[in-house]
Amino acid sequence: MTDDTDQTRTDGSGPNIVPPDDETPTWHERKERSEGLSRVTYEYFERGRLEDQRLRQDSDYIERDVLGFPTWPHETIRNLSIASFFVGIIIALSATLPPHFGDEADPSVTPEIIVPDWYLYPAFGLLQLDPINPELALLGGEKLMSDELYGIAATTVVIGVLFIYPFVNKGSARRPIEEPFWAAVGMGGLMFGFTISVLSIDQIVADRMPGLTAPLIFDLTLLLPLVTAFITYAVLKAMQEGYMYELNRRYYRLRPPR
Amino acid sequence: MADEFIKGLAIFSGAGLVWMVLAAWFRTPTFEDEQLFGPDPEDPTLLVEIALAIADVMFWFAIIGALTFWVAIPLGRELYGYWNERADE
């Protein structure tokens, strides 16, 4: 009975036994984390947690509760539930609503109005910019380009601007309020996309909306984007001060100044 | 906040779905003209009348219910917090 002290006893006590504490996983937990899907899930959670910790340590920005979510299970289950929601609505509506049977199309009759599909309206509208194709006095009142070529040149300019944009406005994502100028450029571009679409069907719009004429629509096409950009810039610039104040207040609430 | 959003969304989509189905059954004479808001059917049976009443109730429930949870309750909480902050200062 003298060597009792340096050997493990059958009741679980002894020198080589480490008493379990909160950090020690139970047998159930060990088995749960070492097999199959539960192991994969655990490793994903752990990887997400480690990534979170790393980002937190490297971050010199405001501390947040959560910096990133793992794809499984958070994002996958969220996306699955959103997808089933919409698929369910589509199935329910298609099962209950009466089907639509329109009149047969008559291939021998040309429709009165021919317009492209709606998503081609902006490109169609850019071909109708002939009122601003300048007649040059140098050429004796002649136009330098035909109206058709002018429209194609305008399309090239717009596509070129869209192409160059990411190379000009570089860097990480910012909120509109942090960069009012670029937000104004974006809002003006959106408005131009809308007004140039309306221009492509200006006759139809002018017929249906009293008070709108085709020349007025043309003027608005060029003016409204500028007005939109101006208003956006003014509003964001005015909001900026209060926004920075709120941001600083939240920042110092999280990290009191020393 | 997320709770209020999902309550509003559930009311909006559920009630809207019921309204859309009933309106498509009874208030859509043709898909080439006015849809969902067309005229009521002439001399409706009792069941059709009940369905039309439910459609009306669901339409306003979808709008007012969503507005309640997305606008009214958050606005009330904001105001409450604002007045509390005011009182503290």
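**Exercise 1.** Decide whether B:Asp43 is buried, partly exposed or exposed.

*Solution.* Start with the rule: a residue is buried if 20 or more other C-beta atoms, placed from the backbone, lie within 10 Å of its own, exposed if 12 or fewer, and partly exposed in between. B:Asp43 has 5 C-beta neighbours inside 10 Å, so it counts as exposed. Next, place it: B:Asp43 sits in the loop between α1 and α2 of chain B. Helices here are DSSP runs (H or I, at least four residues), as are strands (E, at least two), numbered from the N terminus. Last, check the backbone: phi of B:Asp43 is positive, about 30 degrees, although the residue is not a glycine.

This is a predicted model: local features need pLDDT of at least 70, side-chain atom pairs count only at pLDDT 80 or more, and totals for chains, interfaces and linings use all residues. Residues are numbered from 1 along each chain as its sequence is written, with chains lettered from A and ligands numbered from 1 in the order in which they are written.

**Exercise 2.** Repeat the analysis for B:Leu36.

*Solution.* B:Leu36 has 14 C-beta neighbours inside 10 Å, so it counts as partly exposed. B:Leu36 also belongs to the loop between α1 and α2 of chain B. Its phi is near 65 degrees, a positive value in a residue other than glycine. Most residues other than glycine have a negative phi.

**Exercise 3.** Find the largest nonpolar core and the elements that build it.

*Solution.* A nonpolar core is a set of buried Ala, Val, Leu, Ile, Met, Phe, Trp, Tyr and Cys residues joined through C-beta atoms within 7 Å. The largest has eleven residues, including B:Ile11, B:Trp19, B:Met58 and B:Ala62. Two or more residues come from each of α1 (2–26) and α2 (46–88) of chain B. α1(B) gives the most, seven residues. Now take B:Ala62: leaving out residues up to four places away in sequence, it touches B:Ile11, B:Phe12, B:Ala15, B:Gly16 and B:Trp19. Contact means C-beta atoms, placed from the backbone, within 7 Å.

**Exercise 4.** Test the length of helix α3 of chain A, then its burial.

*Solution.* The expected span is 1.5 Å times one less than the number of residues. For the 26 residues of α3 (residues 71–96) of chain A, that should be 38 Å; the end C-alpha atoms are 36 Å apart, which agrees. Of these 26 residues, the number buried is zero, so α3(A) lies largely in the open.

**Exercise 5.** Describe how chain B meets chain A.

*Solution.* Seven residues of chain B are in contact with eight of chain A. On the chain B side, five are nonpolar, one is polar and one is charged. Here Ala, Val, Leu, Ile, Met, Phe, Trp, Tyr, Cys and Pro count as nonpolar, Asp, Glu, Lys and Arg as charged, and the others, Gly among them, as polar.

Conventions. Contact = placed C-beta atoms within 7 Å.
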